[in-house]
Amino acid sequence: MYNSPGPELIMGIRNLAGLEACYKYADAVYFSTDKLSLRAKAKDVTLENLEKFVSEVKARGLKAYLAVNSTVNEDRLEEADHVIAAAAKARVNAVIAWDPAVILKARKAGLRTHISTQANVTNHETAEFYRTLGAERIVLSRELSLEEIRKIRQQTEIQVETFVHGAMCMAVSGRCHLSAYVLGKSGNCGECTQPCRWEWELHGENDLVMQSRGKYLLSAKDLCMIEYIPALLEAGIDAFKVEGRLRDPGYLEVVSRCYREAIDACKEGTYTREKADTWRSGLAAVYNRGFSTGFYFGVPGLEGFSPEKGMNASEKKRRAVGIVENYYPKKQAAAIKLLEGGLATGDEILIEGNTTYLKQQVSSLMKKGINLQTAEKGDEVGLAVDRAVRKK
């Protein structure tokens, strides 16, 4: 039985809907504002609403970690000052950073710092160097084996965090220049266009097109360590991190639940291979690009890539059917406009927005005061909902 109080389960989110989806299972969340983030598309949290967002996180009993991990050019130093000032005012639990300028600014502001995986920490001496700068935790390089992680953990007092699930970059610790080279959108500044997920052809001499296992030659599979949680715990890792700030709330709910159940089962001595298989099946039902163990057990070969499919390998697909037009709290019902498909009682549905996440079955449909068993595309209906929903 695992007796340590850890590890901390940390989920990546982008808005209140993501928080609502995973807060029952996570110990902490990490997120970014619209400034100096490697997820430039995640703009729901801003410097203006950061304090309120952090309050929502803490009200649910979670820690709030702010990622400030993009490249900071000379003309962005003042922007870094604004971000750190906002983080201090919001009282985030820690700032995730790798640029020494950001680390020093955070320390001056009295903020704890976690060293981003962008720093590519691969040995205990580097980990100790960041500890001398005041860092509380390091997020180790994704290119380390489990044995290397274990050795680092044994030789440093700083907390160690590793990724256990989510997208893998085909470049070293995410330091990719392909997007910048092809489209002028730098991944190191949060604007990655993911050309590694495109279809590519391999050309040889004399205009010959080389045969390969598929056209998605650069598309790495997602990391999934659900079957190896006992080994990760034995290595003494302090925090498990799940990548997925741009993935939907349904994904966050399933992944956080599976990893929470696996961690708790290890603590209780009830972890089994059969349970691990069930959790893996649940993870495979939400968005994924196929699963790999990354570098944990050696440098991955072709098995670490998914040349046949560039994006979602899940057999269970989501289907959009309509939008929320209004919510009536006294009736606990929402006005729904079915723009793209129909609904029937008993259907499982998700209602998602920037601030809403609700998963339930359709229990009641009504149109012009008449109860329905089914509603068709184009209908405007009343839908009984389990709690408040919003247009956005």
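In which strand is S292 found? In this predicted model, S292 lies in strand 12, which spans residues 291-292. The surroundings of this serine are described below, after the overall architecture.

The protein contains 10 helices and 21 strands. Its radius of gyration is 22 Å, which agrees with the value near 21 Å for a compact globule of 392 residues. Along the principal axes, the C-alpha atoms fill a box of roughly 70 × 60 × 50 Å. Of the 392 residues, 48% are buried. Contacts were considered between residues at least 6 apart in sequence; 66% of these join residues at least 24 apart.

The exposed surface amounts to about 19300 Å². Carbon and sulfur atoms supply 49% of that area. The protein carries 55 positive and 51 negative charges. The mean positions of the two sets are 5 Å apart.

Strand 1 covers residues 8-12 and pairs with strand 2. The pairing is parallel and runs over three bridges. One residue pair can be named: M11 has V29, in strand 2, as its bridge partner. Strand 2 itself comprises residues 28-31. In a regular strand, side chains alternate between the two faces of the sheet. In strand 2, A28 and Y30 are on one side, while V29 and F31 are on the other. These four residues are all buried, so both faces of strand 2 are covered. V29 thus appears twice in this picture, as the bridge partner of M11 and as a buried residue of strand 2.

Is S292 buried or exposed? Its relative accessible area is 12%, so S292 counts as buried, the cut-off being under 20%. Beyond its neighbours within four places in sequence, S292 is in contact with K221, D222, L223, C224 and G304. S292 and S306 are 14 residues apart in sequence. Their C-alpha atoms are 9.7 Å apart.

E227 sits in the loop between strand 10 (222-224) and helix 8 (229-234). D222 and C224, both contacts of S292, fall within the range of that strand. E227 has a relative accessibility of 15% and therefore also counts as buried. Which residues does E227 touch, not counting those up to four places away in sequence? They are Y271, R273, A276, D277 and R280. E227 and E161 are 66 residues apart in sequence, and 18 Å separates their C-alpha atoms.

Notes:
Residues are numbered from 1 along each chain as its sequence is written. This is a predicted model: local features need pLDDT of at least 70, side-chain atom pairs count only at pLDDT 80 or more; totals for chains, interfaces and linings use all residues. Side-chain values use heavy atoms; hydrogens and water are left out. Helices (H or I, at least four residues) and strands (E, at least two) are DSSP runs, numbered from the N terminus. The radius of gyration is taken over C-alpha atoms; the globule rule is 2.2 Å times the number of residues to the power 0.38. Buried means under 20% relative accessible area, exposed over 50%, partly exposed in between (1.4 Å probe, protein chains only). Contact means heavy atoms within 4.5 Å. Accessible areas come from the Shrake-Rupley method with a 1.4 Å probe; for residues, only the protein chains shown count as cover. Lys and Arg count as positive and Asp and Glu as negative; His and the chain ends are not counted. The place of a charge is taken as NZ of Lys, CZ of Arg, CG of Asp or CD of Glu. Two strands pair if DSSP finds at least two bridges between them.
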